[in-house]
Amino acid sequence: MRLLYFATMSRIALLVFFFTASFVFSQEKNSKNFFVDANCFYGTILRHNKDISHLVKAHPDGFIVGFNRKTYGTERWHQEYNYPDWGFSFVHQNAHYEVLGDNYGLYGHFNFYFLKRNLFFRIGQGIAYNTNPFDLETNFKNNAYGSQFLSSTYLMLNYNKQNLFKNFGIQAGIALVHYSNGNFKAPNSSTNAFTINVGVQYSVSNETSEYIFDSLPKKISEPIKYNFVLRGGLNESDYLNLGQHPFFVVSAFADKRLSYKSTLQLGADFFYLPFLKKEIEYLSIAFPSAGVEGDEDFKRVGVFAGHELRINDLAVVTQVGYYVYYPYDFEGRTYFRAGLKYYATDKLFGVITLKSHGAKVEGVEFGVGIRI
């Protein structure tokens with residue numbers, strides 16, 4: 001049965017693959033800039049958290065179909081990053097365990113090339129739909145997914161050979177597929193599937209464009225800039241039925257752009273976290289021996305250092321912080337933040353970040369900011 005399912009999924013992936021290729025071929029005038037790929041994968045769910053041990057029952061499999069646009073150097077970031085591809089992808093994962101259900105996701109992605117373009121690293125970020133999330137009455141075992149809609153990231157490292165036979169090529173490698181709702185709704189232990197994959201590529205045209213090798217401008221030199229960001233979102237305590245609550249984060253930091261790609265950051269955060277207030281009240285009543293009085297402050301203050309990797313108007317943000325005001329013990333004093341920033345202008349930007357304590361996610365933050 002397992003082999004039958006995998007064969008069926010392989011056929012579905014190939015059908016989607018050829019349909020996409022045909023559609024692109026018929027619609028795209030400058031078709032030599034595009035290719036599509038389809039990969040079938042098989043793997044295992046990693047025990048990143050002891051709370052999901054009961055969910056690791058079988059080996060997940062599925063497929064990934066990608067639509068990719070090539071770059072040739074018409075913009076500076078193409079050359080800075082060795083002419084990457086950008087595109088969109090669809091991922092289906094079957095955990096082969098009814099409790100976890102199936103996941104279907106849509107992503108935006110980049111492919112970055114190495115070793116004379118024989119090796120590429122893909123990072124995709126998107127939203128997934130789960131068919132069987134947690135339900136206290138009908139599916140209480142699924143503490144990995146507390147909601148039907150999940151934030152999802154996948155990483156893929158593949159060896160590829162394009163245009164081996166006419167427009168067709170092959171690729172194979174490994175991938176990591178992550179699903180989590182960012183603690184938007186409890187429970188949210190999340191899953192990470194480590195997989196191996198094999199697939200095919202189809203270049204919509206066998207013509208190729210010439211890469212542009214302009215001499216890049218000199219290093220970018222900017223003075224120290226000051227940033228102010230307001231973030232917010234919804235999250236929930238891990239203790240069930242305490243409700244979803246809005247949270248707010250006010251951040252101020254200085255940054256120094258060192259090059260076209262890299263910017264360093266140093267700053268502070270103020271956290272207003274009502275979900276902690278509800279948790280504190282609950283613990284003080286339900287577990288009096290836990291040492292929680294009930295009047296602890298639910299607000300926090302942290303300091304952080306960070307890095308920003310610019311990709312044109314997009315930037316990948318990573319930060320490490322430490323709480324200097326920490327009245328209630330929740331998941332430790334160190335926190336991490338990672339996400340994407342989009343510069344609408346030189347001064348105004350929007351940002352989506354994931355804040356966590358190690359492997360434990362606290363919330364997805366949506367923010368706007370100014371850089372002066």
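Reader: What volume does the second largest pocket have?
Author: The model is predicted. In this model, the lining of the second largest pocket includes E222, K225 and R257. The volume of this pocket is about 240 Å³.

Reader: How many residues in the lining of the second largest pocket are charged?
Author: Among the lining residues are R310, D313, D346, K347 and R371, along with Y343, A344, T345 and I372. By class, three residues of the lining are nonpolar and one is polar. The number of charged residues is eight.

Reader: Which strands make up the closed barrel?
Author: The barrel has eight strands, and their pairing is antiparallel. On average, neighbouring strands of this sheet are turned against each other by 25 degrees, direction ignored. The order of the strands is β9-β10-β11-β12-β13-β14-β15-β16.

Reader: Which residue in β16 is the bridge partner of S356?
Author: Strand β15 covers residues 348–357 and strand β16 covers residues 360–371. The two run antiparallel and are joined by ten bridges. In β16, the partner of S356 is V361.

Reader: What angle does the direction of helix α3 make with that of β10?
Author: Helix α3 spans residues 274–286 and packs on the sheet. The strands touched by α3 are β9, β10, β11, β12 and β16. With the direction of β10, that of α3 makes an angle of about 130 degrees.

Reader: What distance separates the centres of domain 1 and domain 2?
Author: The domain assignment gives residues 33–203 to domain 1 and residues 223–371 to domain 2. Their contact takes 18 residues from domain 1 and 22 residues from domain 2. Taken over C-alpha atoms, the centres are separated by 26 Å.

Methods
Residues are numbered from 1 along each chain as its sequence is written. This is a predicted model: local features need pLDDT of at least 70, side-chain atom pairs count only at pLDDT 80 or more; totals for chains, interfaces and linings use all residues. Side-chain values use heavy atoms; hydrogens and water are left out. On a 1 Å grid over the protein atoms alone, a cavity is a set of points where a 1.4 Å probe fits but cannot get out, and a pocket is an open set with protein on both sides within 12 Å along at least five of seven lines; lining residues have an atom within 4 Å of a point. Grid points are joined across faces, edges and corners, and a volume is the space filled by probe spheres set on the points. Ala, Val, Leu, Ile, Met, Phe, Trp, Tyr, Cys and Pro count as nonpolar, Asp, Glu, Lys and Arg as charged, and the others, Gly among them, as polar. Two strands pair if DSSP finds at least two bridges between them. Helices (H or I, at least four residues) and strands (E, at least two) are DSSP runs, numbered from the N terminus. Axes are lines fitted to C-alpha atoms, for helices over the stretch in contact, and angles run from 0 to 180 degrees between N-to-C directions. Contact means heavy atoms within 4.5 Å. Domain bounds come from an automatic or database domain assignment.
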